[in-house]
Amino acid sequence: MDNISRKSNLVQFQRFLIYIIIAIFSVCIIVGFINQQAAETVGYISVILLCLAAPIRMIWVGEYFRTTKQKKYQMLSYVVIAIIILAALFRLLLQNV
Amino acid sequence: MNQLYLIAGSIVAGFVGGFLGLGGGIILVPFLTLIIGVPMHQAVALSLAAIMANSISSSNEYLKKDFVDFRLVAPLAIFSSIGAVFGSSINQYIPADYLKIIFALFLLYTIYSLLKKKENTQTESKPAGKPNMKLICIIALLAGIVSALIGVGGGIVIIPAIYLIMNYSINIARGSSAFTIGIIATAGSIVYLFQGVLEVENVGPVILGMMLGAWLGGKTGVKAKSIVVRLVFSIVLFYLAARMFYEGIN
């Protein structure tokens, strides 16, 4: 499998993500016009879903390196995910202290 | 805050950004603060959230043409996300006026790079070998801090560094940067979200407005790339920079 066909899976996935983003944030706007408090809840959930896109994309990058047998870069991709998760956990912890 | 104003402002910011081939943040932050009246810290957080979504659509175009080098993306993403977490954490302790001054200086640099920009037709990547890790660390850290601190994508730091210093092709530089920017923005946005700086109900209008504006700007910008257009927009950017600076020092 060549580079372009490997990456075409990610292209399709990202296109799907764009549709999801448009859908969820359109809902946010509509809810915002109806009920401001509900818009905050929907907005919070939508932003968290949007934040999940980056780790998912990095998982895909890690898989790409696994199939091309580049272990070092595969590990680096997983480190990125760990940093994002740690940052989120650390902030949550600070919020609750 | 009126969501219609936010949508309209974001469409305009996205359009200008897409038209000039700039990241959205460099236009969105001054639009939100100067024209719509959003406080600086919130504008930075909103801009980063919009960049998260924009990076997905912009990097897709480069992925299709195999212009994203994941061997560059992985180390860039590590150090830039560390920088972004740091930048967004210290943002709260920097007064809005100082942020405005920093942003104005950054806008001036953008004007400079916009005016000296040359049309590049090079499409093939140069044989770059293994990326220089030490250099990547420094560039990525800097890009992450700047990006999260003032709400810009970080491409303006990453692209020249990859292209001019590391000798990759301009397309690889743009593609890898477009992909990495989304990771930087996510790391910064998570911190802003849990700090309570990010006004979640305003994210939707900004993201959708920016996406629509960038799409329209991208379509129109292809037809008009002359120096005259860049000069006209540079004057607009200079006005925004001057106002940001003025508000910062007052």
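Modeller: A residue counts as buried if 20 or more other C-beta atoms lie within 10 Å of its own. Keep that in mind for this predicted model.

Biologist: Is A:Arg57 buried or exposed?

Modeller: A:Arg57 sits in helix H2 of chain A, residues 36–67. Within 10 Å there are 26 other C-beta atoms. The cut-off is 20 or more. A:Arg57 is therefore buried.

Biologist: What separates the C-alpha atoms of A:Arg57 and A:Met75?

Modeller: Along the chain, A:Arg57 and A:Met75 are 18 residues apart. In space, their C-alpha atoms are separated by 14 Å.

Biologist: Which pattern does chain A follow along the sequence?

Modeller: Chain A has three helices. Its strands number zero. Read along the sequence, the pattern is α-α-α.

Biologist: Why is chain A more spread out than a compact globule? What is its radius of gyration?

Modeller: The C-alpha trace of chain A spans about 50 × 35 × 10 Å along its principal axes. For 97 residues the globule rule gives 13 Å. The value for chain A is well over that, so chain A is more spread out than a compact globule. Its radius of gyration is 17 Å.

Biologist: What share of the residues of chain A count as buried?

Modeller: A:Arg57 is one buried residue. Chain A has 97 residues to consider. The share that count as buried is 35%.

Biologist: Turn to chain B. How are H3(B) and H8(B) oriented to each other?

Modeller: H3 covers residues 40–64 of chain B, and H8 covers residues 170–195. Their axes lie 8 Å apart, at an angle of about 155°. Angles over 145 degrees count as roughly antiparallel. H3(B) and H8(B) are therefore roughly antiparallel.

Biologist: Which residue class has twelve members in the contact of H3(B) with H8(B)?

Modeller: H3(B) brings residues including B:Leu48, B:Ile51 and B:Met52. H8(B) brings B:Phe179 and B:Ile181, among others. Eight of the contact residues are polar and one is charged. The class with twelve is nonpolar.

Biologist: What is the handedness of the crossing of H3(B) and H8(B)?

Modeller: The two helices pack with their axes 8 Å apart. Their crossing is left-handed.

Biologist: How many residues of chain B are in the contact with chain A, and which helices each supply at least two?

Modeller: Chain A gives 43 residues to the contact, and chain B gives 38. By class, the side of chain B has 25 nonpolar, nine polar and four charged residues. The helices of chain B that each supply at least two are H3, H4, H8 and H9.

Notes: Residues are numbered from 1 along each chain as its sequence is written. Chains are lettered from A and ligands numbered from 1 in the order in which they are written. This is a predicted model: local features need pLDDT of at least 70, side-chain atom pairs count only at pLDDT 80 or more; totals for chains, interfaces and linings use all residues. Axes are lines fitted to C-alpha atoms, for helices over the stretch in contact, and angles run from 0 to 180 degrees between N-to-C directions. Helices (H or I, at least four residues) and strands (E, at least two) are DSSP runs, numbered from the N terminus. Angles under 35 degrees count as roughly parallel, over 145 as roughly antiparallel, 65 to 115 as roughly perpendicular and the rest as oblique. A crossing is left-handed if the near helix is turned anticlockwise from the far one by less than a right angle, and right-handed if clockwise. Two residues are in contact if their C-beta atoms, placed from the backbone, lie within 7 Å. Ala, Val, Leu, Ile, Met, Phe, Trp, Tyr, Cys and Pro count as nonpolar, Asp, Glu, Lys and Arg as charged, and the others, Gly among them, as polar. The radius of gyration is taken over C-alpha atoms; the globule rule is 2.2 Å times the number of residues to the power 0.38. A residue is buried if 20 or more other C-beta atoms lie within 10 Å of its own, exposed if 12 or fewer, and partly exposed in between; C-beta atoms are placed from the backbone.
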